[in-house]
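These are my notebook entries on aromatic rings, charges over rings and model confidence. The structure consulted is shown first.

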Amino acid sequence: MPVLSDTPAAEELLGPLKRCFGYTAFRPLQEEIIRDSLAGRDVFALLPTGGGKSLCFQLPALVRPGLTVVISPLIALMKDQVDSLHANGIAATFLNSSLADDERRARWRGLNTRAYKLLYVSPERLLAGSLADDLNRWGVRCVAVDEAHCISEWGHDFRPEYRQLGEFRKKLSDIPFMALTATATERVRVDILKQLGLRDPAVFVASFNRPNLNYRVEPRQSGGRQLIAFLRSRPADAGIVYCASRAGTETLAAKLVGEGIKAVPYHAGLEPATRAKNQERFLRDEVRVVCATIAFGMGINKPNVRFVIHHDLPKNIEGYYQETGRAGRDGLPGDCLLLFSAGDVMKQTNFIDEKTDPKEQAIAREQLQQMVHYADSGECRRASLLRYFGEIYPQPDCGSCDNCLTPRETFDGTVAAQKFLSCVYRVRQRGGFSTGLNHVVNVLTGSDSEQVRRWGHHEITTFGIGHEYGRNEWAAIGRELIRLGFLAQATGQFPTVELTPEGMAVLKERRPVKLTKPREAPKAARTRRSGEIECDELLFEKLRQLRKRLADEQGVPPYIVFGDVTLREMAREYPETDDALREITGVGETKLRVYGDAFLDEVRGHVRLNGKRAF
């Protein structure tokens with residue numbers, strides 16, 4: 001198996017990095033991953049979305065002899081990556097069911113003559129027929145498994161066809177493998193290594209922190225005005241709005257279109273041609289908002305998604321983290337807004353109740369509880385997300401989430417806590433059994449429900465003593481008491497609440513309790529975000545329009561031409577020569593040759609008319 005006999009010198013990696021990809025430096029861990037792969041080691045790499053996973057197998061493919069095979073789960077992702085590689089002058093192809101016979105045969109001939117450096121293939125195609133034998137003939141020297149978390153049943157996106165990759169690995173036992181993912185807990189990481197049979201792998205786990213993302217949670221208001229105000233405050237930004245149901249995506253997209261905002265729905269129930277067309281329109285900047293279920297996401301390589309909004313409560317933190325990660329892949333700021341309604345908790349609970357497997361139900365309830373705690377909490381959002389993945393955020397204040405920028409007010413909640421905890425105690429004392437949080441709220445607010453009367457809870461001393469708050473407020477107080485450790489909530493079929501020893505101490509000893517006030521939905525306002533590249537906005541807009549025209553002529557998404565980071569640097573530095581343009585991030589030799597003249601002409605024309613701004 002040919003590998004580089006010695007550790008590559010810096011110029012062996014930095015040369016093609018700049019020449020082909022237009023970068024002058026590596027992102028964290030990229031160089032170490034690449035060097036270990038070139039040395040012939042199995043590698044496991046966990047890099048967050050936007051951390052540059054693809055470069056970890058694309059650059060070695062250029063440096064080493066032979067073919068690199070990339071196993072990818074989605075046809076759209078393969079085409080997107082191959083288009084990007086072609087734009088950088090790199091020989092790559094894919095094999096999947098979307099190809100006509102003539103095209104498939106032409107690519108097969110190219111593989112037989114070793115005309116390609118990278119081959120993208122789905123796990124299903126890889127395992128069909130004699131492809132494994134063909135790979136040896138084509139000179140395969142590395143296999144990269146992208147979205148590797150799909151192999152684990154403990155992951156949030158398990159795909160059974162990935163399970164067979166372990167058997168495929170045995171057929172290519174001498175070839176080094178690389179497994180890459182953007183999101184995996186410790187349990188999932190261990191499972192990936194086991195299922196793929198990685199041997200003494202070099203393991204790289206980057207920080208889960210995405211410093212360019214801003215996290216906010218707001219109480220959702222009815223009617224959609226809140227969402228419309230947010231979108232109108234960002235008229236040039238593109239983003240994703242996640243909804244819990246297919247019907248929700250279509251209703252919301254229609255509402256936005258009625259308000260003059262270009263939007264499309266996306267969900268698994270649409271006709272395949274419609275679904276593909278809507279995705280393509282979003283990728284090509286023909287619409288700026290896609291209202292989607294979680295069916296939309298993996299394989300969406302659009303780097304200039306500026307916001308991700310969760311219109312409904314996600315099922316779990318892992319999925320929420322991955323979905324928010326689709327914002328700001330280019331390293332520029334991205335906004336992540338979760339619109340939270342207490343009614344969403346009941347909807348999700350009803351979905352969980354429909355599951356038939358008790359183990360699945362218990363896991364789903366625990367995950368939902370974690371998600372609700374995140375939404376309700378007054379602590380730093382970033383610290384909360386990182387802790388879920390076993391990482392400690394070292395700063396007391398991240399400076400870019402709602403709870404750090406505008407900390408929620410606290411109040412003396414001793415009386416409210418006493419009432420709630422006492423009600424939990426009296427309910428259990430009356431019947432000898434515990435109930436769910438919503439039932440406690442019903443008792444506190446004096447609800448005349450059939451269940452309250454059947455169990456005699458209208459006769460206990462805490463019935464109706466909570467007149468100072470409404471149901472939603474009491475539910476939020478109950479959830480905070482769970483977070484504070486004064487109540488414990490079961491995760492089984494019946495998520496009952498019970499006093500903990502700490503809660504009993506609060507009740508008996510009348511200890512003071514501080515609670516946080518619920519956050520009100522602020523008016524949307526567009527302000528400059530931390531990390532944004534200040535530039536000549538008029539020139540930036542001209543360059544965007546030029547990029548769109550060139551992309552349309554070639555039939556590719558605009559980001560294949562240049563990303564927003566590149567355009568913003570152009571609009572800041574005003575390059576007017578080839579050498580000056582070559583210094584801009586993302587401008588490699590191929591793109592300089594293909595697009596350089598057009599962008600230089602645009603910059604020169606703007607400077608003649610408007611001059612240059614100082615930054």
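Is Phe208 buried or exposed, and why? I worked from a predicted model. I looked up the accessibility of Phe208 and found 2% relative accessibility. Phe208 therefore counts as buried, because buried means under 20% relative accessible area.

Entry on aromatic pairs. I searched the whole structure and recorded 14 aromatic pairs. One of them joins Phe208 and Tyr321 in an edge-to-face arrangement, with 5.8 Å centre to centre and 65 degrees between the planes. I then placed both partners along the chain: Phe208 is in the loop between strand S7 (202-205) and strand S8 (213-219), while Tyr321 belongs to helix H13 (residues 317-324). The two residues are 113 residues apart, so I noted the pair as a link between distant parts of the chain.

I also checked the partner: Tyr321 has 5% relative accessibility and therefore counts as buried. Next I asked which residues form one aromatic cluster with Phe208 and Tyr321. The cluster also contains Tyr388 and Phe389.

Entry on charges over rings. I found Arg107 over the face of Phe94, at 4.4 Å from the ring centre. I found Arg234 over the face of Phe230, at 4.0 Å from the ring centre.

Entry on confidence. The mean pLDDT of the protein chain is 88, and 94% of its residues reach 70 or more. I noted that pLDDT stays under 50 over residues 1-5, where the model has 12 contacts beyond four places in sequence. Over residues 523-528 pLDDT also stays under 50, and the model has 12 contacts beyond four places in sequence for this stretch. Where pLDDT is low, predicted coordinates should not be read in detail.

Conventions. Residues numbered from 1 in each chain as written. Predicted model: local features only at pLDDT ≥ 70, side-chain atom pairs only at ≥ 80, totals over all residues. Heavy atoms only, no water. Phe/Tyr/Trp six-rings, centres within 6.5 Å; stacked < 30°, edge-to-face > 60°. Helix = DSSP H or I, 4+ residues; strand = E, 2+ residues; numbered from the N terminus. Buried < 20%, exposed > 50% of the residue type's maximum accessible area, 1.4 Å probe, protein only. Lys NZ or Arg CZ within 6 Å of the ring centre and 35° of its normal. pLDDT = per-residue confidence, 0-100. Contact = heavy atoms within 4.5 Å.
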